[in-house]
Amino acid sequence: MISNKRIKKLEIFATEIRLETMKAFAKLGFGHVGGAMSIVDTLSVLYGEIMKIDPANPKWPDRDWLVVSKGHAGPSVYSALAIKGYFDKKELLTLNMPGTNLPSHCDRNKTVGIDMTTGSLGQGISTAIGVALGNRMDKRDNYTYLILGDGECDEGQIWEGALFAAHQKLDNLISFVDYNKKQLDGMTCEINDLGDLDAKFHEFGWHAQRIDGHDIAAIYEAIDEAKKTKGKPSMIVLDTIKGKGCCFVEEMYFNHHITISQEQSKRTLSELENRYTDLKREWEDMQ
Ligand SMILES: Cc1ncc(C[n+]2csc(CCOP(=O)(O)OP(=O)(O)O)c2C)c(N)n1
């Protein structure tokens, strides 16, 4: 079980990721805010507690890997990387600008700490499987983590990959679906209903769990259970809210790629700063 202190630390980390990401989006004036925010709590648990990484040695061959297949969530991954010390936080404000190392979608050739280039939906499952298989062949004691979008699960490649990972008994692959119920142009259930997603992965031969994707302790425990599962890849379906943590984004129906007014950014940055201060105070009270 994860202690309350460690949970609090991860809540602070998650809020800092949201804050830094929102600052970068606000400077740019637009971006994929919804899907970047819904995955932040999982990024906090992965980078804050779970992943075996060394920011000073980003290409360490024995590290754990993260493939963010929904590559448009790059901006929140960059914030997690900068806070962990992979590069200077100031760089975050160059998001998606000419000459930047931080493009709107993840690019392993541009950004220190990004393990796989993504953006063409569906492909990340195949590359993550390749990484996990390769690491197993090399007898490395590490995990590959994979983040998929729910709309992305409309891609046939996801299900080809799901079959193959189970066939290969890839228990060093731990995957998430960010089930925020929305995709680019509407509700996932109206465009191509995914139904009971964890049951589907279970039928494909995966160890499948479904949890609240904003509950830090639940995310931690689900990963722990996945690591204990032998002979099968793991899927953790995350029930999430698109835009989580930024009120004005949560309130929008279409919040996939949005423009951000000065008033909206001012309001949401002040909400996030207040949350950050409150959490820090709670943390100090726990000492
Ligand atoms: C192969 C492919 N088709 C279409 C797109 C355009 N596109 C970018 S994001 C997106 C919606 C993705 O929805 P979802 O996976 O649910 O992401 P989230 O809601 O978490 O942002 C689409 C269709 C793409 N990037 N790749």
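In the predicted model, the buried residues of helix 4 are Gly74, Pro75, Ser76, Val77, Tyr78, Ser79, Ala80, Leu81 and Ala82. Because nine of the 11 residues of this helix, which spans residues 74–84, are buried, helix 4 is largely enclosed by the rest of the structure. The partners against which these buried residues pack are helix 1, strand 1 (30–31), helix 2, helix 3 (40–50) and strand 2. After helix 4 comes Gly85, a residue with a positive phi, near 100 degrees.

Helix 1, one of the packing partners of helix 4, covers residues 4–28 and contains Leu10. With 22 other C-beta atoms within 10 Å, Leu10 passes the threshold of 20 or more and is therefore buried. Leaving aside residues up to four places away in sequence, Leu10 touches Ser44, Val45, Gly48, Glu49 and Ile216. The pair formed by Leu10 and Ile216 is separated by 206 residues in sequence, yet the two C-alpha atoms are 7.2 Å apart in space.

Contacts between residues distant in sequence also weigh heavily in the chain as a whole, since 76% of the contacts with a separation of 6 or more are made by residues 24 or more positions apart. The secondary structure comprises 11 helices and nine strands, and 47% of the 287 residues count as buried. For a chain of 287 residues, a compact globule would have a radius of gyration near 19 Å, and the value of 18 Å found for this chain therefore agrees with such a globule. Taken along the principal axes, the box filled by the C-alpha atoms is roughly 50 × 45 × 40 Å.

Five of the strands form an open sheet with the order 2-3-4-8-7 and parallel pairing. Strand 2 (65–68) and strand 7 (207–212) stand at the edges, and because each has a single partner strand, one side of each is left without a neighbour in the sheet. Averaged over the sheet, and with direction ignored, neighbouring strands are turned by 20 degrees against each other. Strand 2 runs parallel to strand 3 (residues 144–149), the two being joined by four bridges, and Val67 stands opposite Leu146 in strand 3. Strand 3 is in turn joined to strand 4 by six bridges, again in a parallel arrangement, with Gly149 standing opposite Asp178 in strand 4.

Strand 4 has seven of its seven residues buried, so this strand is largely enclosed by the rest of the structure. Its side chains are divided between two directions, with Leu173, Ser175, Val177 and Tyr179 pointing one way and Ile174, Phe176 and Asp178 the other way, and all of these residues are buried. Helix 9 (residues 216–228) lies across strand 4 (173–179), strand 7 and strand 8 (234–239), and runs at about 175 degrees to strand 7. Ile216, a residue touched by Leu10, falls within the range of helix 9.

The ligand is surrounded by 20 residues, of which the closest are Gly35, Gly149, Gly151, Glu152 and Gln183. Among these, Gly149 is the residue that stands opposite Asp178 in the pairing with strand 4. Helix 2 (33–37) and strand 5 (182–183) each supply at least two residues of the shell. By class, the shell consists of 12 polar, six charged and two nonpolar residues.

Two lysines in loops have a positive phi although neither is a glycine. Lys139, with phi near 60 degrees, lies in the loop between helix 5 (123–137) and strand 3. Because 6 other C-beta atoms lie within 10 Å of its own, Lys139 is exposed. Lys181, with phi of about 70 degrees, is placed in the loop between strand 4 and strand 5. For Lys181, 17 other C-beta atoms lie within 10 Å, so this residue is partly exposed.

Methods. Residues are numbered from 1 along each chain as its sequence is written. This is a predicted model: local features need pLDDT of at least 70, side-chain atom pairs count only at pLDDT 80 or more; totals for chains, interfaces and linings use all residues. The radius of gyration is taken over C-alpha atoms; the globule rule is 2.2 Å times the number of residues to the power 0.38. A residue is buried if 20 or more other C-beta atoms lie within 10 Å of its own, exposed if 12 or fewer, and partly exposed in between; C-beta atoms are placed from the backbone. Two residues are in contact if their C-beta atoms, placed from the backbone, lie within 7 Å. A residue is near a molecule or strand if its C-beta atom, placed from the backbone, lies within 6 Å of it. Ala, Val, Leu, Ile, Met, Phe, Trp, Tyr, Cys and Pro count as nonpolar, Asp, Glu, Lys and Arg as charged, and the others, Gly among them, as polar. Two strands pair if DSSP finds at least two bridges between them. Axes are lines fitted to C-alpha atoms, for helices over the stretch in contact, and angles run from 0 to 180 degrees between N-to-C directions.
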